[in-house]
Every structure is written in structure tokens, then in C-alpha cells.
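Here is a short walk through a protein model. Keep the sequence and the structure in view as you read.

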Amino acid sequence: MLQDLFFGGTDTTISMLEWAKAETLRQPEIMKKAQGEFAEVIGKGKPIEEVDVSRLLYLQFIIKETLRMHPQAPFLIPRRVDQDVELCDYIIPKGSLVLVNVWEIGRDSTFWEDPLVFKPERFQSLEYWMCEENILN
């Protein structure tokens, strides 16, 4: 069981990293922008440390965009409805099992402009809200 948990956790991380690499390799301008951020924030030839990740905003945008376009599981964990809910003119009765299609949400043009295009910059406008002190206030 522990082996399943370990491999399950590493497999999803590796898959996300492979998608991020594939998407950045397909768009060299994104790769150059990320490399420029690394050189500016960390410096050339220096190893990256965990504390550096919070300062690499464009890298965070790439990760968020990768997870938006390539979620590790197409559906979230099933949830049971606690009370009757009306959603988009439908009644979801109490006790119903609900599956949330994350894959479809990430490609929904009502929420995302050009949803099939890999654009990490779309998260730049959310940068203010990602700061811890702004979330807490």
C-alpha cells in the first residue's frame, strides 16, 4: 500500500513536469522568458533552492497553466450533496453523487480566453491575489 501511495504521488508529479516541458518546448518564447527569470532571480550557474520557488512567478504561472490544460485526473474526487441545490436550472437532490469535470472546466471558453492555447501569462493578472499577505487580508 505504501508503495502504491509513493508511486501514485510521484507519477502525477512526473506527468505534470513532462507536460510543462512539452508545452514550453513547443513555444520557445515561453522557455526564453522562464530562463530569463531564472537568470535574474537566481543567477547563472547557481543551484535552485526551495525558498527560490516563491520568487519565480513566471515558473508558477507555467505550472498553473499546465495543470489547467493537463489535469492529473479528469474528475475530482466524487462528492455527495448535503442539501438540495439548484444549478443552471437543474435541481440536484440531497444525497446525489457529483463528479466535477476539471478537464472540461480548463477548456471552457466562458471562463478562459483561448482555452486551447498554452498561455502562462493569463495568470499574471492574478499575481496580486497569490501573495500571502493579500490572501490573509
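The pLDDT is the predictor's confidence in each residue, on a scale from 0 to 100. The model is a predicted one, and its mean pLDDT is 86. A value of 70 or more is reached by 87% of the residues. One stretch falls well short of that. Residues 132-137 have a pLDDT below 50. Beyond near neighbours in sequence, this stretch has three contacts in the model.

Start with the overall plan. The protein has six helices and four strands. Read from the N terminus, the order is α-α-α-β-β-β-β-α-α-α. The protein has 137 residues, and 21% of them count as buried. Now take the contacts with a separation of 6 or more. Of these, 55% are between residues 24 or more positions apart.

Turn to helix H2, which covers residues 28-41. How far apart are its end C-alpha atoms? They are 20 Å apart. That agrees with expectation, because 14 residues at 1.5 Å a residue should span 20 Å. The helix has a buried side. Ile30, Ala34 and Glu37 are buried in H2. Seen down the helix axis, the buried residues fall within an arc of 60 degrees, so they line one face of H2. On the other side of H2 are Glu29, Lys32 and Glu40, which are exposed. After H2 comes Gly43. The phi of Gly43 is positive, near 105 degrees.

Move on to the loop between H2 and H3, where Asp52 lies. Is Asp52 buried or exposed? Asp52 counts as buried, because its relative accessibility is 10%, and the cut-off for buried is under 20%. Leaving out residues up to four places away in sequence, Asp52 touches Ile42 and Pro47. The C-alpha atoms of Asp52 and Val41 are 7.9 Å apart. Along the chain, these two residues are eleven residues apart.

Next comes helix H3, residues 57-69. Aromatic rings are worth a look here. The whole structure holds two aromatic pairs. One of them is formed by Tyr58 and Phe61. Their ring centres are 6.4 Å apart, and the planes meet at 85 degrees, an edge-to-face arrangement. Tyr58 and Phe61 are separated by about one helical turn, because they are three residues apart in H3. Both Tyr58 and Phe61 are buried.

The other pair joins Trp112 and Phe123. Here the centres are 5.8 Å apart and the planes are at 55 degrees, so the pair is tilted. Trp112 and Phe123 are eleven residues apart, and each is in the loop between H4 and H5. Helix H4 covers 102-105, and helix H5 covers 127-130. The two partners differ in burial. Trp112 counts as partly exposed because its relative accessibility is 22%. Phe123 has a relative accessible area of 7%, so Phe123 is buried.

Go back to H3 for Glu65, which lies in that helix. How accessible is Glu65? Its relative accessibility is 0%, so Glu65 counts as buried. Polar partners of its side chain can be named. The Glu65 side chain makes a polar contact with the side chain of Arg68, at 2.9 Å. Another polar contact, of 3.0 Å, joins the side chains of Glu65 and Arg122. Not counting residues up to four places away in sequence, Glu65 touches Val117, Phe118, Lys119, Pro120, Arg122 and Phe123. Phe123 was met above, in the tilted pair with Trp112.

Finish with Arg122. This residue is found in the loop between H4 and H5. Arg122 counts as buried because its relative accessibility is 15%. The side chain of Arg122 reaches the backbone oxygen of Val117 at 2.8 Å. Its side chain is also joined to that of Glu65 by the 3.0 Å polar contact. What does Arg122 touch, leaving out residues up to four places away in sequence? The residues are Glu65, Arg68, Trp112, Glu113, Asp114 and Val117. Val117 is touched by Glu65 too. Follow these contacts in the model, from Glu65 in H3 to Arg122 in the loop between H4 and H5.

Note on methods
Residues are numbered from 1 along each chain as its sequence is written. This is a predicted model: local features need pLDDT of at least 70, side-chain atom pairs count only at pLDDT 80 or more; totals for chains, interfaces and linings use all residues. Side-chain values use heavy atoms; hydrogens and water are left out. Contact means heavy atoms within 4.5 Å. Helices (H or I, at least four residues) and strands (E, at least two) are DSSP runs, numbered from the N terminus. Buried means under 20% relative accessible area, exposed over 50%, partly exposed in between (1.4 Å probe, protein chains only). A polar contact is a pair of N or O atoms within 3.5 Å; within protein, one must be able to donate a hydrogen and the other to accept it, and residues adjacent in sequence count only if both atoms are side-chain atoms. The expected span of a helix is 1.5 Å times one less than its number of residues. The arc is that of the directions from the helix axis to the C-beta atoms. Rings of Phe, Tyr and Trp (its six-membered ring) pair if their centres lie within 6.5 Å; planes under 30 degrees apart count as stacked, over 60 as edge-to-face and the rest as tilted.
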